[in-house]
Amino acid sequence: MEKNIRTHVYHVQVWHKNFPELLNVAIIVKVNLNTGRTAKVLLFSDDLTLASEKLIDYYALRFQIEFNFRDAKQYWGLEDFMNIKATQVNNAANFALFMVTFSQLLSAKLEGVNRSSMLDLKTIFRARKYTRRIINSLGKNADEFYIDDRIFQAAEIGRIHAKAA
């Protein structure tokens with residue numbers, strides 16, 4: 001039980017008519033006790049020695065890896081680079097995946113940033129860059145102009161998941 005959601009995990013080994021080997025299956029059933037709605041998930045593996053907890057953990061890791069590749073493609077150029085030599089492809093792919101990891105670390109450090117919001121993270125740093133440039137263009141030193149981060153709040157108006165005031 002967690003927050004009025006009851007979770008049952010069933011573990012069974014079954015045969016499937018289209019697969020020649022026995023399958024290890026974890027079945028997750030979640031019931032919202034407030035609404036009565038039910039959600040079901042089936043997780044499969046051909047490793048019969050795998051416990052249901054490990055199978056669930058592996059699927060969670062798998063989806064995190066897929067989300068990291070999605071972010072690398074969508075935000076850090078993994079889909080757009082035009083390299084053809086092996087070293088260049090290796091460097092571009094490693095840089096995109098490094099930036100995913102680095103941006104996740106940055107968003108974990110910044111207060112009020114939703115960990116899954118790459119757009120908010122980019123908006124915050126773009127706003128800070130533009131704010132510094134505007135202050136510097138007025139003949140002021142941006143580092144001396146502000147005492148805390150309040151100067152950036154107006155510039156961060158493009159954030160999707162803004163901090164509560």
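1. A small thing to look at first: Asn4 sits in the segment before strand 1. Its phi is positive, about 60°, although Asn4 is not a glycine. Asn4 counts as partly exposed because its relative accessibility is 39% (buried means under 20% relative accessible area, exposed over 50%, and partly exposed in between, with a 1.4 Å probe and protein chains only).

2. Lys3 deserves a look as well, and it lies in the segment before strand 1 (5-16). Phi of Lys3 is near 50°, again a positive value in a residue other than glycine. With 75% relative accessibility, Lys3 counts as exposed. As background, most residues other than glycine have a negative phi.

3. Please keep in mind that this is a predicted model, in which local features need pLDDT of at least 70 and side-chain atom pairs count only at pLDDT 80 or more, while totals for chains, interfaces and linings use all residues. Residues are numbered from 1 along each chain as its sequence is written, and side-chain values use heavy atoms, with hydrogens and water left out.

4. On confidence, the mean pLDDT of the protein is 83, and 82% of its residues reach 70 or more (pLDDT is the predictor's confidence in each residue, from 0 to 100). Among the elements, strand 3 (residues 38-45) has the highest mean pLDDT, 95, and helix 5 (residues 150-153) the lowest, 60.

5. The protein has five helices and three strands, in the order β-β-β-α-α-α-α-α along the sequence. Helices (H or I, at least four residues) and strands (E, at least two) are DSSP runs, numbered from the N terminus. Of the 165 residues, 24% are buried. The accessible surface comes to about 12,500 Å², and 57% of it belongs to carbon and sulfur atoms (Shrake-Rupley method with a 1.4 Å probe; for residues, only the protein chains shown count as cover).

6. Among the strands, Ile28 is a nice residue to inspect, and it lies in strand 2 (residues 19-32). Ile28 counts as buried because its relative accessibility is 12%. Leaving out residues up to four places away in sequence, Ile28 touches Thr7, His8, Val9, Ala39, Lys40, Val41, Leu43 and Ile56 (contact means heavy atoms within 4.5 Å). From Ile28 to Val41 the C-alpha distance is 5.1 Å, with their positions 13 residues apart in sequence.

7. How do helix 1 and helix 2 pack, and at what angle? Helix 1 (residues 52-75) and helix 2 have axes 9 Å apart, at an angle of about 110°, so helix 1 is roughly perpendicular to helix 2. Axes are lines fitted to C-alpha atoms, for helices over the stretch in contact, and angles run from 0 to 180 degrees between N-to-C directions. Angles under 35 degrees count as roughly parallel, over 145 as roughly antiparallel, 65 to 115 as roughly perpendicular and the rest as oblique. Gln64, Asn68, Phe69, Asp71 and Ala72 in helix 1 meet Ala96, Leu97, Val100 and Gln104 in helix 2. By class, this contact has five nonpolar, three polar and one charged residues (Ala, Val, Leu, Ile, Met, Phe, Trp, Tyr, Cys and Pro count as nonpolar, Asp, Glu, Lys and Arg as charged, and the others, Gly among them, as polar).

8. Helix 2 (residues 86-109) also meets helix 3 (residues 118-137): their axes come within 10 Å and cross at roughly 75°, which means that helix 2 is roughly perpendicular to helix 3. Here Ser103, Leu106 and Ser107 in helix 2 touch Met118, Leu121 and Phe125 in helix 3. The residues of this contact are four nonpolar, two polar and no charged.
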